[in-house]
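Q: Please take a close look at a single part of this structure, for someone who has not seen it before. Start from one residue, and then follow its surroundings outward in one connected account.

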Amino acid sequence: MGDIPPQICQLSFLRVLDLANNSLSGTIPKCLNDISAMAGGRSGGHIDVLVADYDYDTYMESLILNIKGRDSEYKKILRYVRMIDLSSNNLSGSIPIEIFSLSGLQSLNLSHNHLTGMISMEIGGMKYLESLDLSGNNLSGEIPQTMANLTFLGDLNLSYNNFSGRIPSGTQIQTFNPLSFIGNAELCGAPLPKNCPEDEEEEETQQPISVGENREFQEIAWFYIGKGSGFFVGLWGVCGCLFFNKAWRHAYFQYLDDIKDSAYVVIAIKLKWLHQKLGIYNAGNGKPI
């Protein structure tokens with residue numbers, strides 16, 4: 001019961017802070033970033049000094065820790081584990097921005113409290129974070145895009161909060177189970193089946209255009225296909241009849257000859273008429289023909 005004492009921040013060599021399933025209240029201390037063992041990378045810093053000065057051959061520690069949603073016993077690799085578990089308490093207030101500067105932290109579990117506010121963009125600096133559980137709180141706002149930088153993140157649970165907006169796109173975030181985001185009514189985008197409003201508007205504007213263009217293309221294509229096939233069938237229909245029917249063939253060519261003769265006569269008459277007109281015109285102007 002009670003608050004988390006700020007003196008805990010003076011434990012600079014602390015690697016595992018597990019205060020889960022208690023009745024702790026108040027806010028999360030802002031000074032947690034003073035725990036230097038959690039602030040460094042996987043190699044370097046106070047962890048290496050601690051490992052060098054401690055004789056793990058004579059005494060082997062063993063802890064059962066809940067990381068990535070399951071209880072596991074840690075022995076030989078316990079020296080490399082860095083985690084904070086404050087889940088299932090009555091903590092309130094916002095998540096201190098200072099906690100996101102613990103770049104060496106591998107697991108952060110603040111689930112099932114009464115935390116409010118937004119997730120800071122600084123979370124993108126927790127480059128070694130493998131497990132993050134903030135479920136069952138009253139956190140709100142958009143999930144920061146910087147979470148896409150958490151390339152080691154293998155377990156994520158942001159369910160049952162008040163997050164809104166689009167789920168950040170990244171190499172891993174879209175691969176998580178939709179249950180990791182369930183219980184956030186205003187959240188949208190993959191891996192949730194709910195589309196974002198801007199996606200629906202884009203689909204509404206693009207779909208009629210694409211359907212219309214496709215329909216127009218099909219109509220034009222079928223027009224030319226029909227026209228070409230009709231010409232082909234008509235041409236070969238006429239040629240076939242003339243080729244196989246001798247009487248029709250003679251009649252057809254006789255018809256062409258008659259047309260040719262008629263055209264010749266008409267042209268000859270027209271030329272003679274034109275010549276006469278020109279002769280009359282020249283005679284009236286006193287010019288020789």
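A: Phe152 is partly exposed, because its relative accessible area of 42% falls between the limits for buried (under 20%) and exposed (over 50%), as judged with a 1.4 Å probe and protein chains only. The model is predicted, so local features need pLDDT of at least 70 and side-chain atom pairs count only at pLDDT 80 or more, while totals for chains, interfaces and linings use all residues. Residues are numbered from 1 along each chain as its sequence is written, and side-chain values use heavy atoms, with hydrogens and water left out.

Phe152 leads to an aromatic pair, and a search of the whole structure finds 1 of these. The rings of Phe152 and Tyr128 have their centres 6.0 Å apart and their planes at 40°, so the pair is tilted (rings of Phe, Tyr and Trp, the last by its six-membered ring, pair with centres within 6.5 Å, and planes under 30 degrees apart count as stacked, over 60 as edge-to-face, the rest as tilted). Tyr128, with a relative accessible area of 18%, is buried. Tyr128 belongs to the loop between strand 8 (114-117) and strand 9 (131-133), whereas Phe152 belongs to the loop between strand 10 (138-142) and strand 11, so the pair ties together parts that are 24 residues apart in sequence. Helices and strands here are DSSP runs numbered from the N terminus (helices H or I of at least four residues, strands E of at least two).

The strands beside these two loops can be followed in turn. Strand 8 and strand 10 pair in the parallel sense over 2 bridges (strands pair if DSSP finds at least two bridges between them), and in this pairing Gly117 stands opposite Leu139 in strand 10. Strand 8 also pairs in the parallel sense with strand 6 (residues 90-94), here over 3 bridges, and Gly93 stands opposite Leu115 in strand 8.

Strand 9 and strand 11, for their part, belong to an open sheet of 5 strands in the order 1-5-7-9-11, with parallel pairing. Strand 1 (16-18) and strand 11 (155-157) stand at the edges of this sheet, each with a single partner strand, so one side of each is left without a neighbour in the sheet. Within this order, strand 5 (residues 83-85) and strand 7 (residues 107-109) pair in the parallel sense over 3 bridges, and Met83 stands opposite Ser107 in strand 7.

From Glu142 the view can be carried to a later stretch of the chain, since the C-alpha atoms of Pro168 and Glu142 are separated by 8.9 Å although the two residues are 26 residues apart along the chain. Pro168 is placed in the loop between strand 12 and strand 13, and with a relative accessible area of 2% Pro168 is buried.

Strand 12 takes part in one further contact, for the structure holds 1 salt bridge, in which the side chains of Arg166 and Glu198 meet at 3.2 Å, N to O (a salt bridge is a side-chain nitrogen of Lys or Arg within 4 Å of a carboxyl oxygen of Asp or Glu). Arg166 lies in strand 12 and Glu198 in helix 3 (residues 197-244), so this pair ties together parts that are 32 residues apart in sequence. Arg166 counts as partly exposed at 37% relative accessibility, and Glu198 also counts as partly exposed, at 41%.
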